[in-house]
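User: Hi! Could you walk me through the side-chain contacts in this one? I'd like to chat it through piece by piece.

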Amino acid sequence: YSIRDKLNPPGPGAATGKVDDARPSLKGNLIFGPWADTEVFLNAGSGFHSNDARAVVMNATMQTLPKATGYEIGVRTKAVRRLDLRASLWLLDLTSELRFVGDDGTTEAKGATRRYGTEASARLTLADWLLLVSDWTLTHAEFRGTGEAVPLAPELTIRTDLIARLPGGLESNLEMRYLGDRPAIEDRSAMAKGYTVFDWTTRYRYKQIAAFVSIENLFNAQWREAQFFFESQLWTEAAPVGDIHFTPGVPRTFLLGISLYF
């Protein structure tokens, strides 16, 4: 990291400095099969995430590249005609978790966390021209040692696409995205609201020219995009109040476009 703080003068409180670090990442997998169009897999490996460069420069004791260690066991099968299934159980440990500080617009590093859950995906060929794809995740995330929730960590997510590919270069896609309610604060006393949003896109390509029409938020759902819990104070309030602050999701939006390939 190399930072020059243009807001604060040199000295305490200024995020100016340089930090270098490196971490090896080891990964491996085993696959058993296939038997009856089915195989079992085991994955394990280590990685990292990078902490906020400003915080690392200002705090010499902070980890620059906190380690991540993950494990996964799962199964893939095509035993059913026209259906491709995959399911897995997984676990991920982080030695340090980043938490967003909305009042400052920065992040802070907190303690070690553990996430575990299950993932499933299905790809069903309904017809030669029609495909249904769906992905599901169910996750539990907590700080190790305390059992507190990791704020805003997703618990249940679903994405489903119905894809039609017609002769002559015409393709249409109906997409559904679902994000369930999840804790907005460590003690789970406030919840970030989930949402369900549908998008629809149709494309047509003829030789080097392609055109598309897209409707985002097809059913004009009222939903919250970014959400954070922190204290704020209005001029009518005697003291700061902790609450969820959010950015409204886009309303129904129409997009048109033309592309030229060469």
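Analyst: Happy to; we can take the charged pairs and then the aromatic rings. Please keep in mind that this is a predicted model.

User: Great. How many salt bridges does a search of the whole structure find?

Analyst: The search finds 13 salt bridges. One of them joins the side chains of arginine 86 and glutamate 72, at 3.4 Å from N to O. Arginine 86 belongs to strand S6 (residues 83–94) and glutamate 72 to strand S5 (residues 67–77), and the two are 14 residues apart.

User: And is glutamate 72 buried or exposed?

Analyst: Glutamate 72 counts as buried, because its relative accessibility is 17% and the cut-off for buried is under 20%. Its partner arginine 86 is partly exposed, with a relative accessible area of 31%.

User: OK, next one. Which residue does lysine 110 meet in a salt bridge?

Analyst: Lysine 110 meets glutamate 186, with 3.1 Å from N to O. Glutamate 186 is in the loop between strand S13 (182–183) and strand S14 (191–192), while lysine 110 is in strand S8 (residues 106–110), so this salt bridge ties together parts that are 76 residues apart in sequence.

User: What about accessibility for glutamate 186?

Analyst: Glutamate 186 is buried, at a relative accessible area of 8%. Lysine 110, on the other side of the contact, is partly exposed at 31%.

User: Nice. What does arginine 165 pair with?

Analyst: Arginine 165 forms a salt bridge with glutamate 171, at 3.5 Å from N to O. Arginine 165 is partly exposed, with a relative accessible area of 44%. Glutamate 171 is partly exposed too, with a value of 25%.

User: Which residues are linked in a network of salt bridges?

Analyst: That network links Arg159, Asp161, Glu175, Arg177 and Asp199.

User: Switching to rings, then. How many aromatic pairs turn up?

Analyst: The whole structure has two aromatic pairs. Tyrosine 195 and tryptophan 223 make a tilted pair, with 4.6 Å centre to centre and 50° between the planes. Tyrosine 195 sits in strand S15 (residues 195–206) and tryptophan 223 in the loop between strand S16 (209–216) and strand S17 (224–232), so this contact ties together parts that are 28 residues apart in sequence.

User: Are those rings buried or exposed?

Analyst: Tyrosine 195 is buried, with a relative accessible area of 17%. Tryptophan 223 also counts as buried, at 8% relative accessibility.

User: And what is the arrangement of phenylalanine 198 and phenylalanine 219?

Analyst: Those two are edge-to-face, at 5.2 Å centre to centre and with 80° between the planes. Phenylalanine 198 lies in strand S15 and phenylalanine 219 in the loop between S16 and S17, so the pair brings together parts that are 21 residues apart in sequence.

User: How accessible is each of them?

Analyst: Phenylalanine 198 is partly exposed, with a relative accessible area of 27%. Phenylalanine 219 is exposed, at 57%.

User: Last topic: where does the charged end of arginine 177 sit?

Analyst: The charged end of arginine 177 sits over the ring of tryptophan 223, 5.9 Å from the ring centre. So this arginine has two roles to keep in view, since arginine 177 is also part of the salt-bridge network, and tryptophan 223 is the ring that pairs with tyrosine 195.

User: And arginine 224?

Analyst: The charged end of arginine 224 sits over the ring of phenylalanine 246, 4.0 Å from the centre of that ring.

Conventions:
Residues are numbered from 1 along each chain as its sequence is written. This is a predicted model: local features need pLDDT of at least 70, side-chain atom pairs count only at pLDDT 80 or more; totals for chains, interfaces and linings use all residues. Side-chain values use heavy atoms; hydrogens and water are left out. A salt bridge is a side-chain nitrogen of Lys or Arg within 4 Å of a carboxyl oxygen of Asp or Glu. Helices (H or I, at least four residues) and strands (E, at least two) are DSSP runs, numbered from the N terminus. Buried means under 20% relative accessible area, exposed over 50%, partly exposed in between (1.4 Å probe, protein chains only). Rings of Phe, Tyr and Trp (its six-membered ring) pair if their centres lie within 6.5 Å; planes under 30 degrees apart count as stacked, over 60 as edge-to-face and the rest as tilted. A charge sits over a ring if NZ of Lys or CZ of Arg is within 6 Å of the ring centre and within 35 degrees of the ring normal.
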